[in-house]
Amino acid sequence: MFKSLYIPGLGWSVDVHTRYPADGPCWGHARGRCREHVWWMPLGPWTLTFNGCGQSYAKLVGFNLPIGWILDEFDASFDSLAIASLRYHLGYSCANNEAYREEWEALIARLSERHARFTEDEMAVIHPSGARFRLDGAERHAAFAAYREREDAREARIQQARHDFIDTLPKLWS
């Protein structure tokens, strides 16, 4: 037998189910996969389980974008969504995804790669100390060209990481 009662205002639920010897101890406390508290205790031939309010999947994996932003800026949100999904499936999913941990953590790192920055030498050319901002000069154009080349290479790596994430989708299940 299994019966469950959800308490709307609190986000808690109470379950009553048949107790079997293989269920283990009659009294106990644990943390659920969404970090909620779970307490259980015997009640005659049944077990009474209290399930506390857990965290949302987004909070568990550190995903902070609101749905409106995601819909409007899906292209800019894709990397964050992919990273959050991989983190969820590594740390909170019911499925045992440990076999994919190294692969998925590498994919998270690739999707997290920051934009290119100007080097100190390039900054010295672009903004020489005591000089006004200028738009001419071969050295300055070379500094911007080197930066754009690094940024283009980063963008190509990000695009490949996005394709690799899409190829990973069939493995993401809970």
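**Close-up views of a predicted β-then-α model**

**View 1. The whole chain, end to end.** Residues 24 or more positions apart make up 53% of the contacts in the protein with a separation of 6 or more (contact means heavy atoms within 4.5 Å). This is a predicted model, where local features need pLDDT of at least 70, side-chain atom pairs count only at pLDDT 80 or more, and totals for chains, interfaces and linings use all residues. Residues are numbered from 1 along each chain as its sequence is written, and side-chain values use heavy atoms, with hydrogens and water left out. The C-alpha trace spans about 85 × 35 × 30 Å along its principal axes. The protein's radius of gyration is 26 Å, while a compact globule of 174 residues would come in near 16 Å (taken over C-alpha atoms; the globule rule is 2.2 Å times the number of residues to the power 0.38). Accessible surface adds up to about 11800 Å², and 59% of that belongs to carbon and sulfur atoms (Shrake-Rupley method, 1.4 Å probe; for residues, only the protein chains shown count as cover). Buried residues account for 28% of the 174 (buried means under 20% relative accessible area, exposed over 50%, partly exposed in between; 1.4 Å probe, protein chains only).

**View 2. Strands come before helices along the chain.** The protein has six helices and five strands (DSSP runs numbered from the N terminus: helices are H or I with at least four residues, strands are E with at least two). Read from the N terminus, the order is β-β-β-β-β-α-α-α-α-α-α.

**View 3. The five strands form an open sheet.** Follow the sheet across and the order is E1-E2-E5-E4-E3, with antiparallel pairing (two strands pair if DSSP finds at least two bridges between them). At the edges sit strand E1 (2-7) and strand E3 (28-31), each pairing on one side only. On average, neighbouring strands of this sheet are turned by 20° against each other, direction ignored (axes are lines fitted to C-alpha atoms, for helices over the stretch in contact, and angles run from 0 to 180 degrees between N-to-C directions).

**View 4. The E1 and E2 hairpin, plus the E2 link to E5.** E1 and E2 are antiparallel and share six bridges; one of the pairs is Ile7 with Trp12 in E2. Four residues lie between these two strands, and Gly11 in this hairpin takes a positive phi near 80°. Strand E2 (residues 12-18) is also joined to strand E5 (residues 46-51) by six bridges, again antiparallel. To trace that seam, look for Ser13 with its bridge partner Asn51 in E5, then Asp15 with Thr49.

**View 5. The other side of the sheet, with two more hairpins.** E4 and E5 run antiparallel, joined by six bridges, and Leu43 has Trp46 in E5 as its bridge partner. Their hairpin has two residues between the strands, with Gly44 in the turn at a positive phi of about 60°. E3 pairs with strand E4 (residues 37-43) over four antiparallel bridges. Arg31 has His37 in E4 as its bridge partner, and Gly28 stands opposite Trp40 in E4. Five residues separate E3 from E4 in their hairpin, where Arg35 in the turn has a positive phi of about 65°.

**View 6. Ala22 in the loop between E2 and E3.** Ala22 is exposed, its relative accessible area being 76%. Measure C-alpha to C-alpha and Ala22 is 24 Å from Gly52, with their positions 30 residues apart in sequence.

**View 7. The largest nonpolar core.** Twelve residues make up this core, among them Phe78, Leu86, Trp104, Ile108, Phe165 and Leu172 (a nonpolar core is a set of buried Ala, Val, Leu, Ile, Met, Phe, Trp, Tyr and Cys residues joined through side-chain atoms within 4.5 Å). Helix H3 (74-91), helix H4 (101-111) and helix H6 (138-168) each give two or more residues, and H3 gives the most, with five. Neighbours within four places in sequence aside, Leu86 touches Trp104, Leu107, Ile108, Leu111, Phe165, Thr168 and Leu172. There's also a second, separate core of eight residues, which includes Val61, Ala84, Tyr88 and Tyr92.

**View 8. Asn97 in the loop between H3 and H4.** Asn97 counts as buried because its relative accessibility is 5%. Again leaving out neighbours within four places in sequence, Asn97 is in contact with His89, Leu90, Trp104, Lys171 and Trp173.
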